[in-house]
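Here are my notes on the model, set out as numbered points. Please read them with the structure open.

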Amino acid sequence: MKISDVRHILDTIGEMFPDADCELNHSNAFELTIAVLLSAQCTDATVNKVTADLFQKYKTPLDYVSVPLEELEQDIRRIGLYRNKAKHIQNLCSILIDQYGGEVPQAHDQLVTLPGVGRKTANVVVSNAFGVPAIAVDTHVERVSKRLGLAGWKDSVLEVEKKLMKAVPKNEWTLTHHRLIFFGRYHCKAQNPKCQVCPLLDVCREGKKRMKTSTVSKAKK
């Protein structure tokens, strides 16, 4: 894709969502890590409802490992896969206490070794908590990137991340990550994207296909 086309996409999404930011409520790197871990296969809105009480009860890694696993499970039972996530949280907190003095490590390669913390979670943490430029590819970022031609249809999540890092200026990585999420969450939705009113229809192969199909269907009627 041409640099000018990438710039057009970034600027347009920027105009649509100038204030895009992390929607997971948190007050420090530790809370953010827990929130992102909980958000896997779960909406941010649901996570925020759960952490509103969770973060009042648990302030430090020691707090999480000081309760029975069953109690922590009940505290997050509204979250999908809550049993596995409860185990991950307690194991993660044990490692933070034993190896990092109870603090979340700032290095990406250390973060990804923590239980329940994959590449996406680590990218979110380093970029939002520590100010390190990063692009976390979640389902919204992946979908939008492929529809707009910023990545290939068959690209893996890692390949999408690498292509975005190459196409987007480094100082815009974190901001672009947030804006792509907002664009995918509120505009270019999985099931009912707003193609008919999309300012990026001219560069969106998915949108052009959908609009063409819609026009053909109307013509047949």
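**Notes on the predicted model**

1. At 46% relative accessibility, L81 counts as partly exposed, because that class runs between the buried limit of 20% and the exposed limit of 50%. The model is a predicted one, and L81 sits in the loop between α5 and α6. Its phi is near 60°, a positive value in a residue other than glycine. Most residues other than glycine have a negative phi.

2. Q41 also deserves a look on the backbone. Although Q41 is not a glycine, its phi is positive, at about 55°. Q41 lies in the loop between α2 and α3. With a relative accessible area of 73%, Q41 is exposed, because the cut-off for that class is over 50%.

3. Helix α3 covers residues 44-57. How far apart are the end C-alpha atoms of α3, and what should its 14 residues span? The end atoms are 20 Å apart, and at 1.5 Å a residue the helix should span 20 Å, so the two values agree. There is nevertheless a kink of about 35° in α3, and T51 is at its centre.

4. T51 is also one of the buried residues of α3. The others are D44, V47, N48, V50, L54 and F55. Which elements cover these buried positions? Among them are α2, α4 (61-65), α5 (69-75) and α11 (173-186).

5. L54 of α3 comes up again in the largest nonpolar core, which has 36 residues. The members that touch the most others are L54, Y64, I76 and I89. Two or more residues each come from α2 (29-38), α3, α6 (82-99) and α8 (119-129). The largest share, eight residues, is supplied by α2.

6. I89 gives a view of the packing in that core. Leaving out residues up to four places away in sequence, I89 touches I34, L37, L38, Y64, L72 and I76. Y64 and I76 are themselves among the members of the core that touch the most others.

7. There is a second, separate core, made up of 25 residues. It includes I135, A151, V160 and F182.

8. I135 is in contact with W173, a residue of helix α11. Is W173 buried or exposed? Its relative accessibility is 9%, so W173 counts as buried. Apart from neighbours within four places in sequence, W173 is in contact with P133, A134, I135, L164, M165 and V168. The C-alpha atoms of W173 and A136 are 9.0 Å apart, although 37 residues separate the two along the chain.

9. T12 belongs to helix α1 (residues 3-16). Its relative accessible area is 10%, so T12 is buried. What does T12 touch beyond residues up to four places away in sequence? The contacts are P199 and L200.

10. The largest pocket has a volume of about 470 Å³. Its lining consists of 25 residues, and those nearest the centre are S39, D44, K120, D138 and R185. Two or more lining residues each come from α3, α8, α9 (139-147) and α11. The largest share of the lining, six residues, is given by α11. D44 thus appears twice in these notes, because it is buried in α3 under the 20% limit and lies among the residues nearest the centre of the pocket.

Technical notes: Residues numbered from 1 in each chain as written. Predicted model: local features only at pLDDT ≥ 70, side-chain atom pairs only at ≥ 80, totals over all residues. Heavy atoms only, no water. Core = buried A, V, L, I, M, F, W, Y, C linked by side-chain atoms within 4.5 Å. Buried < 20%, exposed > 50% of the residue type's maximum accessible area, 1.4 Å probe, protein only. Helix = DSSP H or I, 4+ residues; strand = E, 2+ residues; numbered from the N terminus. Contact = heavy atoms within 4.5 Å. Expected span 1.5 Å × (residues − 1). Bend = angle between axes of the 7 residues up to and from the residue. 1 Å grid on protein atoms, 1.4 Å probe; cavity = no way out; pocket = protein on both sides within 12 Å on 5 of 7 lines; lining within 4 Å. Points joined across faces, edges and corners; volume = space filled by probe spheres on them.
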